[in-house]
Amino acid sequence: MSELVLEQVSVRLGGRVIVDDLSFTARAGEVTAIIGPNGSGKSTTMKGLSGETRYQGRARLNGREINETPAVEMAGYRAVLPQHGTITFPMTVSEVVSLGFHARRREPALIGEALARVGLDGFGGRFFETLSGGEQQRTQLARVLVQIWEPVRGGKPCWLFLDEPVSSLDIHHQIQIMDLAHAYARAGGGVLAVMHDLNLTAMYANQVVALRGGRCLAAGPTRETLTGPILSAVYGCPLAVNEAPRDDTPFILPHLARSSGA
Amino acid sequence: MTLTSSAVDVSPVRRRRIEGDRAPRARVALVLLAACLALVMLGAVSIGSTGWANGEALRLILSGERPTDNPLLLRDIIVLADIRMPRVIMAALIGASLAVSGAVMQGLFRNPLADPGIVGVSAGAGLGAALMIVLGGGVLAPVIGLFGNHAVSVAAFLGGLASTMLLYRIGTRGGSTNIATMLLAGIALGALAGAALGLLVFVADDRALRDLSFWGLGSVAGATWDKILTAGPVIALVLLLSPLLARALNALVLGEAAAGHLGVNVQRQKRLAIVTVAAATGASVAVSGGIGFVGIVVPHLLRLTIGPDHRYLLPGCALLGAIMLIAADTVARIIVAPAELPIGILTALAGAPFFLWILLTRRGFSLG
């Protein structure tokens, strides 16, 4: 009941099969990452699981078929961070975050809490459109957090669906946000994230689902999935794991900056 | 980092002002606007081409007495009770309905420049009304038989509904609305409705022609208690129902997909919004013709002061729209007294430059 279970899920867009026969299970209490090259169906999978696009097959979240569950019920335990978020009218950061209260009781104090958690303390009165891309993305994340603030509600886990949550963030904020997602999972919630950064995936994901051409090439615990042969096949180029460059090119890893949990 | 602990210490005792929350200001603004509306209504009833009204007349109307011994006072009473009062109430209803339908449409299309007048909804409603005016004596006579006095309003509503749905269908693909397509489609629809209107003028008889041109100028001068009874209930219903849309329109600020994630039944709310806009526009166009720009100017001014939260924006629009149109109508009937200016000219004179100003000052505005 506290799982996300996909059984032979396919998604068609415009007559083309974008996601083909995808099966995997994501458990609450873990971070599950979806990786794969551009156009491999990561975001489309996310769209299917967010109720934006209909899918064939079965996809159950906490035991409920996603296609058949009313939006308002799903919103009680699933929040989605979109890849790109734009806002039409000039709104303050606080006003954007408070949109997260749509399907739940309004608790104004959570606005400040959520902003602090994404590193935007004191930004409440700023106008969203004046923020940088990274600040806007973190504002959206604060909105998503407010929607399902408690990782476990009424004995059921809540789920964060994150579509490239750190794509427009600097390395410091990438770690901060991934720490946050990780903490949410440790507190009993479920996290499903589309990831491009393989180092961050290795650091934070418990499970990895690797897609290529809409099909699942590998799914399983991070250590078993992020291997040279699998990654080379997924991305279509030779990739090595845990191997330093042969020349003196510098390489930078985020591991030292991680604050907790590891 | 723990995520659970902080959910506990959210005590209502410690409630402090939240930075960037404009709701308290919006509530104050609503109270001020309501007070302002009351004053403007009183003023508009009192002033006119016969000068300031006799306070005694106003008092007698409110008490329901009609003195028969004083013909001057009786004239004042008739002017106030049967001409000015319905006119002010009509102006209030029309102004409120235009501003609210503008705000709803802007929220639906996620664009501050969407307005029933600009995107052709008013033209569609106008065509519906004109069809009924011209052909009501002939082909459409059975409809008149069915709806009686309401036939023109019903036709205007259907015209507005058809053009709103067509517009939305054309402008929306794959769940997202393309504003450029929508605005251009609106222009095309408006031109088409204009051409059809021209054809109607061509075939219209003298009586229908007079009705058409009178109606097309855009005016609340013809307001009677009877017309208020026709259009009033529709407009009042729309105004009362519009707050139901507020939370969905707020969520739609993030886009249709994200609104769905927040728990909004997007399709149902969109349909409700479209019907609301069509009903409000249809009802007001039917009784007052084309009065432009109220639907853009009023929501925009309010967003600047109280923010875009539709829970306050929609009632605020109703109040400020009413105030603005009563004020414009009052100016229209005293500025060239004893003649009077069609109010549509006034709102366009003030509104069009304002619209251009929005275009010029809106940062990062793009049609796409």
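**Strands, sheets and helix crossings in chains A and B**

Mentor: Strand E9 (residues 159-163) of chain A pairs with E10(A) in the parallel sense, over 5 bridges. Keep in mind that this is a predicted model.

Trainee: What makes E9(A) and E10(A) count as a pair?

Mentor: Pairing needs at least two bridges. E9(A) and E10(A) have 5 bridges, so they pair. One of the partnerships sets Leu162(A) against Ala193(A) in E10(A).

Trainee: Which sheet holds these strands?

Mentor: An open sheet of 6 strands in chain A, ordered E6-E9-E10-E3-E11-E12, with mixed pairing. Its edges are E6 and strand E12 (215-221) of chain A, each pairing on one side only. On average, neighbouring strands are turned by 15 degrees against each other, direction ignored.

Trainee: How do you know which strands E3(A) pairs with?

Mentor: Count bridges again. Strand E10 (residues 190-194) of chain A is joined to E3(A) by 4 bridges, running parallel. Strand E11 (residues 207-212) of chain A is also joined to E3(A) by 4 bridges, in parallel. The cut-off is at least two bridges, so both are pairs. Thr32(A) shows it on each side: Leu192(A) stands opposite in E10(A), and Gln207(A) is the bridge partner in E11(A).

Trainee: Why is strand E3 (residues 31-35) of chain A called largely enclosed?

Mentor: A residue is buried if 20 or more other C-beta atoms lie within 10 Å of its own. In E3(A), 5 of the 5 residues are buried, so the strand is largely enclosed by the rest of the structure. Both faces are covered. Val31(A), Ala33(A) and Ile35(A) are buried on one side, and Thr32(A) and Ile34(A) on the other.

Trainee: Which helices lie on this sheet?

Mentor: H1(A) lies across E3, E9, E10 and E11 of chain A, at about 145 degrees to E9(A). Helix H5 (residues 133-147) of chain A packs on the sheet too, touching E6 and E9 of chain A. The direction of H5(A) makes about 175 degrees with that of E6(A).

Trainee: What is the order of the sheet of 4 strands?

Mentor: The order is E2-E1-E4-E5 in chain A, an open sheet with antiparallel pairing. Strand E2 (16-27) and strand E5 (64-65) of chain A each have a single partner strand, so one side of each is left without a neighbour in the sheet.

Trainee: How do you know that strand E1 (residues 3-13) and strand E4 (residues 56-61) of chain A pair?

Mentor: They share 5 bridges against a cut-off of at least two, so they pair. The sense is antiparallel. Glu7(A) stands opposite Arg58(A) in E4(A). Helix H1 (residues 42-49) of chain A lies across E1, E2 and E4 of chain A, at about 70 degrees to E2(A).

Trainee: Now chain B. What is it built from?

Mentor: Chain B has 15 helices and 2 strands. Of its 368 residues, 49% are buried. Take contacts between residues at least 6 apart in sequence: 79% join residues at least 24 apart.

Trainee: Why are H1(B) and H14(B) called roughly parallel?

Mentor: Helix H1 (residues 23-46) and helix H14 (residues 310-334) of chain B pack at about 25 degrees, with axes 9 Å apart. Angles under 35 degrees count as roughly parallel. The two helices therefore earn the label. H1(B) passes H14(B) in a left-handed crossing. Residues of H1(B) in the contact include Leu30(B), Leu33(B) and Leu37(B), and those of H14(B) include Leu319(B), Ile323(B) and Ile326(B). By class, the contact has 19 nonpolar, 2 polar and no charged residues.

Trainee: What makes H13(B) and H14(B) oblique?

Mentor: The axes of helix H13 (residues 294-306) of chain B and H14(B) come within 9 Å and cross at roughly 125 degrees. Roughly perpendicular runs from 65 to 115 degrees, and roughly antiparallel starts over 145. The angle fits neither class, so the pair is oblique. The crossing is right-handed. Among the residues in contact are Val298(B) and Leu302(B) of H13(B), and Leu320(B) and Met324(B) of H14(B). The classes are 12 nonpolar, 2 polar and 1 charged.

Trainee: How many residues does each chain give to the contact between them?

Mentor: Chain A gives 42 residues and chain B gives 33. On the side of chain A, elements giving two or more residues include helix H4 (109-117) and helix H6 (171-186). H4(A) supplies the largest share, 5 residues. By class, that side of chain A has 23 nonpolar, 13 polar and 6 charged residues.

Notes:
Residues are numbered from 1 along each chain as its sequence is written. Chains are lettered from A and ligands numbered from 1 in the order in which they are written. This is a predicted model: local features need pLDDT of at least 70, side-chain atom pairs count only at pLDDT 80 or more; totals for chains, interfaces and linings use all residues. Two residues are in contact if their C-beta atoms, placed from the backbone, lie within 7 Å. Ala, Val, Leu, Ile, Met, Phe, Trp, Tyr, Cys and Pro count as nonpolar, Asp, Glu, Lys and Arg as charged, and the others, Gly among them, as polar. A residue is buried if 20 or more other C-beta atoms lie within 10 Å of its own, exposed if 12 or fewer, and partly exposed in between; C-beta atoms are placed from the backbone. Axes are lines fitted to C-alpha atoms, for helices over the stretch in contact, and angles run from 0 to 180 degrees between N-to-C directions. A crossing is left-handed if the near helix is turned anticlockwise from the far one by less than a right angle, and right-handed if clockwise.
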